[in-house]
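Welcome, and thank you for taking a look at this protein with us. Please have the view open as you read, so that you can follow each stop along the way.

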Amino acid sequence: MERYVCIHGHFYQPPRENPWLEAVELQDSAAPFHDWNERVTAECYAPNGTARLLDSEGRIESIVNNYAKISFNFGPTLLSWMKEGAADIYEAILQADQLSRERFSGHGSALAQCYNHMIMPLAHPRDKRTQVLWGLRDFEHRFGRKPEGMWLPETAADDDSLDALAEYGIQFTILSPFQARSVRPVGGAQWQDVSGGHVDPSRPYWVGLPSGRRIAVFFYDAPVSRAVAFERLLSDGENFAYRLMDGYDESRAWDQLMHIATDGESYGHHHRHGEMALAYAINFITKNKLARLTNYGEFLERHPPAWEAQIHQRSSWSCAHGVERWNSHCGCHSGGKRGWQQQWRFPLRRALDWLRDHLAPKYESKAQEFLKDPWRARDEYIAVVLDRSPENIAGFLERHGRRPFTEADQITTLRLLEMQRNGMLMYTSCGWFFDEISGLETVQIIQYAARAIQLAKDLLGDDFEPGFLEILAQAKSNIREHRNGRHIYEKFVKPAIVDREKVGAHYAVSSLFESYPERARIYSFTVEQEDRQLFSAGNARLAMGRIKVTFETTRNSDRITYGVLHFGDHNLNCGVRYYQGPEAYVELVREMKAAFDRADFPQIIRLMDRNFGESNYSLKSLFRDEQRKVLTQVLASTRIDIQNTFRLITDRYIPLMRFLADLHAPAPKALLVAAEEVLNNELRNQFESDGMDLERVRSLLAESEKSEVPLDAETLAYALKGHLDRLSVQLQKAPEGTALLARLAAVAELVLNLPFEVNLWKTQNIYHTLLRTVYRDMRSKANQGIESARGWTLQFEALGEHLGFRLNHGRA
């Protein structure tokens, strides 16, 4: 009997892109990171691509790619973001699949996933098909091969969902043991009840399907999976390894597979340094030959199922009530406030189903004017989502079109397909998973619904918003001020809705604070400047212009006229309207300029009201990232004034604060606030500066300790990480520079004595690369007596000590 082990990680984030901008906007809750994708990448996805293996003294022996040794799946929408937002990690994931094919007999460890994490048993049959097809095509596009397995979102399954996988050639999937209902040997007559998680997880099973097809299913080991996810098993890599080994049973006469499945975010995001425990456990098992590492594809080829299983219909891994967590107040929740309820889940789903069922016939009827088969075109639209180049879009329309397309036909067809895409994104499972309807994830899926509603109104003339909101109003919030789904829509969703007029306003306002080229890209929009007039008088500025705004996703465009009056600071007024021809534009500019030349600002406002009507915009109208950037500029002088005031207070009373600290007496709160602001702000400025003064930093840290002034550890650690990252990149580009090497070593030494931890991940990765390349050459030269190489080598080794490496003649 041979022992095999396989660890599966389901790596996933819900799509977070603004449906109109096709980009993730600033999320303050993820601070100091820009958004939650960026934060989880830094805490989990990146560390697993370069996980540290430590020796007995806690020093880095080597750096490994965990993905190459485990089974994994990444959500397609997450990989789409990662390709642009974390390209190096994206490449490490693709490379890991290639390495796993070499390690596991030609079987790659990556699995596909249903496209946007829709709960398949609750999905319309047509959506099930598209979700599987889009997941397959996305996988093939990225990994360059066909997937053998596919992850079902939340492992939610029924026979129809499994049949959808099998129909398109998927060989296996992974389910919870609690989803198994009964088993028997292949060809056996009697089914054995294994409900309650009593299925033997050490072997695969065939599941026969209504169509006559079948699919292999692996039921993971529940106790160890649960310990990884919820019981802090990842606090010790060796214990993790032994716990995995406890899953074997000597009474079994067959080759056994010990395998677990959890959210991949367990390894680093949910459990700090979980990726190191994973790396250690894998290394410990293989080094000590406790079991043979494998993946599902390889094991299935060598051990075809000798048993078959039946599953509980409409079941999942994260709801004890089947799939009701995404449909009703079943009792499953994420640990929110006591007394909160989730009755809102049912009306939310009912509202989305109502919208879907009203959109479908309208889409089919309208799309038939342009497409030979509207639903087949939707199935294959993923090719356009993955590549929006003009050539690819032209090829897609040629394959599916009833006739040659005019430009207007192309725009209409793409907008119809985008309506359907958003109609599927609105079913992303995270919208129901958490406890409150006003949460980020639920608002996100309602935004997708709003985008589909907007497109339907523009294309078809049908306004589905009132009917949708009538149902959504029945979804009651747990937070009194948010009331219900309708109020949440009006409060959080409607202000986010974007049209080309709003993009024009963003461009007009932001152009006062930054310079745009004649052709600028603003998220998913292209803005072409056709004319611009700028007038100044003291602090006041007036900008007038004409632009062409094109939404790249659908190619729809409009010409916009704008006028914006800035009084200084945060006070400005902007108006936009669709272009009404050259005479109207020239007259508008003439009138506005004449009033501005007279400094007749009330008249300018009246002219803006008359020409732009209710279309008034301000700094509030900017998209979130640009708004924050502009506010930083506007508030710069205010911050300086506040800082100077606080510094006067701190300089005068810092001796008193030291005296109070010596007496262990509390300082007055006002003094503490002032000192905390001054010290943290100066430290952050030092860390963000390329010319950081190390002596000044040490002085500030000493002052913080003496006066017992709290440090903003998270913000400072993030700023210092950025400083180290910048120095490391410079060193990577010019590795033989001794001055830069010494500088980096000095900053790394400073980190050792800080009262907070700094993420050295990127710096260590770059060091590790140089250690295996440049260092070996320099050490060879040093051994030949070249003095400059000897000095460089000593400095490099000192840097390695500060960064926590175990050095052994060029190997780590």
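L635 has a relative accessibility of 35%, so this residue counts as partly exposed. L635 sits in the loop between α22 (624–634) and α23 (636–662). How far apart are the C-alpha atoms of L635 and H570? They are separated by 8.5 Å, while the two residues lie 65 residues apart along the chain. Please keep in mind throughout that this is a predicted model.

**Other loops to visit**

Let us stay with the loops for a moment. H273 belongs to the loop between β12 (256–263) and α8 (274–287). Although H273 is not a glycine, its phi is positive, at about 65°. H273 is partly exposed, with a relative accessible area of 36%.

Y523 also has a positive phi without being a glycine, here about 55°. You will find Y523 in the loop between β15 (519–522) and β16 (525–537). With a relative accessible area of 22%, Y523 is partly exposed.

Another loop, between β1 (3–11) and α1 (36–49), holds P32. What kind of peptide bond joins A31 and P32? The bond is cis, with omega at about 10°.

**Helices side by side**

Now to the helices. Helix α10 (residues 345–367) packs against α16 at an angle of about 30°, and their axes are 11 Å apart. An angle under 35 degrees counts as roughly parallel, and α10 and α16 are therefore roughly parallel to each other. The crossing of α10 past α16 is left-handed. On the α10 side, the contact is made by L348, L352, L355, L359, K362 and K366. From α16 come T442, I445, I446, A449, A452, I453, A456, L459 and L460. Sorted by character, the residues of this contact are 12 nonpolar, one polar and two charged.

Helix α16 (residues 440–460) has another partner in helix α17 (residues 465–472): their axes come within 10 Å and cross at roughly 155°. Which way do the two run? An angle over 145 degrees counts as roughly antiparallel, so α16 is roughly antiparallel to α17. Here I446, A449 and I453 of α16 meet E465, F468 and L472 of α17. The residues of this contact divide into five nonpolar, no polar and one charged. I446, A449 and I453 are thus among the residues that α16 brings to α17, and they are also among those that α16 brings to α10.

Further along the chain, helix α24 (residues 669–688) and helix α26 (residues 713–733) have axes that come within 8 Å and cross at roughly 15°. That angle makes α24 roughly parallel to α26. Their crossing is left-handed. The contact draws on N680, L683, R684, F687 and E688 of α24, together with T715, L716, A719, L720, H723 and R726 of α26. By character, the residues of this contact are five nonpolar, three polar and three charged.

**Rings in pairs**

Finally, look at the aromatic side chains. A pair of aromatic rings is described by the distance of the centres and the angle of the planes. How many aromatic pairs are there? The count comes to 37 aromatic pairs. Two of them are set out here.

| Pair | Centre to centre | Angle between planes | Arrangement |
|---|---|---|---|
| F433 and F434 | 5.2 Å | 75° | edge-to-face |
| Y767 and F796 | 4.1 Å | 10° | stacked |

Y767 and F796 link distant parts of the chain: Y767 is in helix α28 (residues 761–772) and F796 is in helix α30 (residues 787–802), 29 residues apart. Are these two rings buried or exposed? Y767 counts as buried because its relative accessibility is 2%, and F796 is buried with a relative accessible area of 0%.

For the pair F433 and F434, the cut-off matters: buried means under 20% relative accessible area. F433, at 18%, is therefore buried, whereas F434, at 32%, counts as partly exposed.

One last group of rings is worth finding in the view. Ring pairs connect F11, Y45, Y67, F72 and F74 into a cluster.

Definitions and conventions: Residues are numbered from 1 along each chain as its sequence is written. This is a predicted model: local features need pLDDT of at least 70, side-chain atom pairs count only at pLDDT 80 or more; totals for chains, interfaces and linings use all residues. Side-chain values use heavy atoms; hydrogens and water are left out. Axes are lines fitted to C-alpha atoms, for helices over the stretch in contact, and angles run from 0 to 180 degrees between N-to-C directions. Helices (H or I, at least four residues) and strands (E, at least two) are DSSP runs, numbered from the N terminus. Angles under 35 degrees count as roughly parallel, over 145 as roughly antiparallel, 65 to 115 as roughly perpendicular and the rest as oblique. A crossing is left-handed if the near helix is turned anticlockwise from the far one by less than a right angle, and right-handed if clockwise. Contact means heavy atoms within 4.5 Å. Ala, Val, Leu, Ile, Met, Phe, Trp, Tyr, Cys and Pro count as nonpolar, Asp, Glu, Lys and Arg as charged, and the others, Gly among them, as polar. Rings of Phe, Tyr and Trp (its six-membered ring) pair if their centres lie within 6.5 Å; planes under 30 degrees apart count as stacked, over 60 as edge-to-face and the rest as tilted. Buried means under 20% relative accessible area, exposed over 50%, partly exposed in between (1.4 Å probe, protein chains only).
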